[in-house]
Amino acid sequence: MAGRGRAPKWVVGLLLVGLVSPVGCGGSGTDSASADVRRVLDRRAAAVRDGSERAFVATEVPVSVAAGERAAARTEFENLRTVPLADWSYRVTGFHRSGDRATADAELHYRIAGHDKAPIVTARTLSLIRSDGRWYVSDDRPAKDSSQQLWEQGAVLAVRGERSLVLGVGQSRDALRGYAELADRAVPAVREAWGGDWSGRVVVLVPKSLEGMAGLLGAPASGYRGIAAVTTGEAGGAAKAPADRIIVNPEAYGVLGAFGRQVVLTHETTHVATRASTSAATPLWLSEGFADWVGYRGTGRTARQVAPELARAVLEGRVPAALPGDGEFAFGGDAGALARAYEGGWLACRLIAERWGEVRLREFYRAVGAHQKRAGAVEDAMREALGTTLEEFTEAWRAYLRDRLG
């Protein structure tokens, strides 16, 4: 099973124009310390951009400290070294000082070269200590309710494909090359099905385990067990929104055969392509169903082969009364119900492609996403793009299920 997170993982919205007022001990001492800390973070960011391990380590421990005590800082830098960064900077949003210790709340802004048109923004909490009149970073971690970054889980290995970048932790180069090959095949398949109004490039993150995937999503691992991959990004984003990330669950993905792996990567790449046309108005049966439709398009698989759970229900006389609701796509619940929701969405999109044509299916998807609110979006788009009503379409879909699965 693959899926798309509804909430944006990285939202590029209004950035703070300046620093918020410092919080903590009042007076010019705090103001001075805040300015000193900003300069430390500026040096830290410059070290990352310049690829200078020495400068990076110097923001964490004094030069006079023994080499052995500098190992953690060097490891932190080495984990990040292979990520092809185009930019890296911090924006401090809060400062709290108590004597020679301080905490800075900050936004980390970074871009991956060749993929991100705008920076990804993630909240960080940095602990600092003052020694010999200078401030040093003692800890740099995700803020509360924020997700980890891949390099926090270990040394990142990067593999470039023709149309993809795969970043992995705890994975062999050969394994990552396999992901790149599948992603490279997915991109033209998605372009043919959806069109060319997207970048035609994808970034795939492959952590070491399910727990690593959960850390990247900032969510409990139990909710993603059995989910092969998800795509994070800003739904309905502007053209300058940062690139989406396809995040793989290596445990669930690893049990798939070659066909299943390709379908998953094509499904997730479809979410990357359709992101700008997907909004709060887009129901999950459409976004997930369309991604599955692209994933299985041209494979020759029958409805019963792709939708076994729904076929079983139809044969037992349990034909759904309505198109799947968003709640039916929740991870971590009834696996059978989740499968039936995906299968029902896929068959709805397959019905549209067969009866109205693929061009109309794309027009319908875009028309739904063009609405700002869910209410009336599907109904209006069906009338405009398909010349039918939701009620008529639902009855046609139910008859299609009985015909193809019964």
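How many of the six residues of strand β7 (residues 164-169) are buried? Six of the six are, and the strand is mostly covered. Point 4 takes this up again. The notes below start with the model as a whole.

1. **Model and confidence.** This is a predicted model. The protein chain averages a pLDDT of 89. At least 70 is reached by 89% of the residues. Residues 4-28 are another matter: pLDDT stays under 50 there. The model still has 58 contacts beyond four places in sequence for that stretch. Where pLDDT is low, predicted coordinates should not be read in detail. I would treat the contacts of residues 4-28 in that light.

2. **Overall make-up.** The protein chain holds 14 helices and 10 strands. Of its 406 residues, 50% are buried. The accessible surface comes to about 17,500 Å². Carbon and sulfur atoms own 50% of that surface. Among contacts with a separation of 6 or more, 66% are between residues 24 or more positions apart.

3. **Nonpolar core.** The largest nonpolar core has 111 residues. Trp285, Leu347 and Phe364 have the most contacts inside it. Helix α11 (residues 335-355) gives the most to this core, with 10 residues. In soluble globular proteins, nonpolar side chains tend to be buried together. Phe364 is worth a look in the viewer. Neighbours within four places in sequence aside, Phe364 is in contact with Trp285, Leu286 and Ile352. Its other contacts in that set are Val378, Ala381, Met382, Ala385 and Leu386.

4. **Strand β7 and its partners.** Both faces of β7 are covered. Ser164, Val166 and Gly168 are buried on one side. Leu165, Leu167 and Val169 are buried on the other. In a regular strand, side chains alternate between the two faces of the sheet. β7 pairs with β6 in the antiparallel sense, over five bridges. The two form a hairpin with three residues between them. β7 is also joined to strand β8 (residues 202-206) by five bridges, and these two run parallel. Leu167 shows both pairings. Ala158 stands opposite Leu167 in the pairing of β6 with β7. Leu205 in β8 stands opposite Leu167 as well.

5. **The four-stranded sheet.** An open sheet has the order β2-β3-β4-β5, with antiparallel pairing. β2 (85-98) and β5 (134-142) stand at the edges. Each has a single partner strand, so one side of each is left without a neighbour in the sheet. The twist averages 30 degrees from one strand to the next.

6. **The β4-β5 pair.** Strand β4 (residues 120-131) pairs with β5 over eight bridges, in the antiparallel sense. Arg124 has Pro142 in β5 as its bridge partner. Arg124 also has a C-alpha 8.3 Å from that of Lys144, which is 20 residues away along the chain. Lys144 is in the loop between β5 and β6. Lys144 is exposed, with a relative accessible area of 77%.

7. **Two positive phi values.** Which residue in the loop between β4 and β5 should be checked first? Asp132 is placed in that loop. Asp132 has a positive phi of about 50 degrees although it is not a glycine. Asp145 lies in the loop between β5 and β6 (156-160). Asp145 also has a positive phi, of about 70 degrees, and is not a glycine. Most residues other than glycine have a negative phi. Asp132 counts as exposed, at 78% relative accessibility. Asp145 is exposed too, with a relative accessible area of 75%.8. **Helix α1 and β5.** Asp36 has its place in helix α1 (residues 28-50). Asp36 is partly exposed, with a relative accessible area of 25%. Asp36 and Tyr136 are 100 residues apart in sequence. Their C-alpha atoms are 9.9 Å apart in space.

Terms used. Residues numbered from 1 in each chain as written. Predicted model: local features only at pLDDT ≥ 70, side-chain atom pairs only at ≥ 80, totals over all residues. Heavy atoms only, no water. Pairing = 2+ DSSP bridges. Axes fitted to C-alpha atoms, helices over the stretch in contact; angles between N-to-C directions. Buried < 20%, exposed > 50% of the residue type's maximum accessible area, 1.4 Å probe, protein only. Contact = heavy atoms within 4.5 Å. Areas by Shrake-Rupley, 256 points an atom, 1.4 Å probe, with all protein chains shown as cover. pLDDT = per-residue confidence, 0-100. Core = buried A, V, L, I, M, F, W, Y, C linked by side-chain atoms within 4.5 Å.
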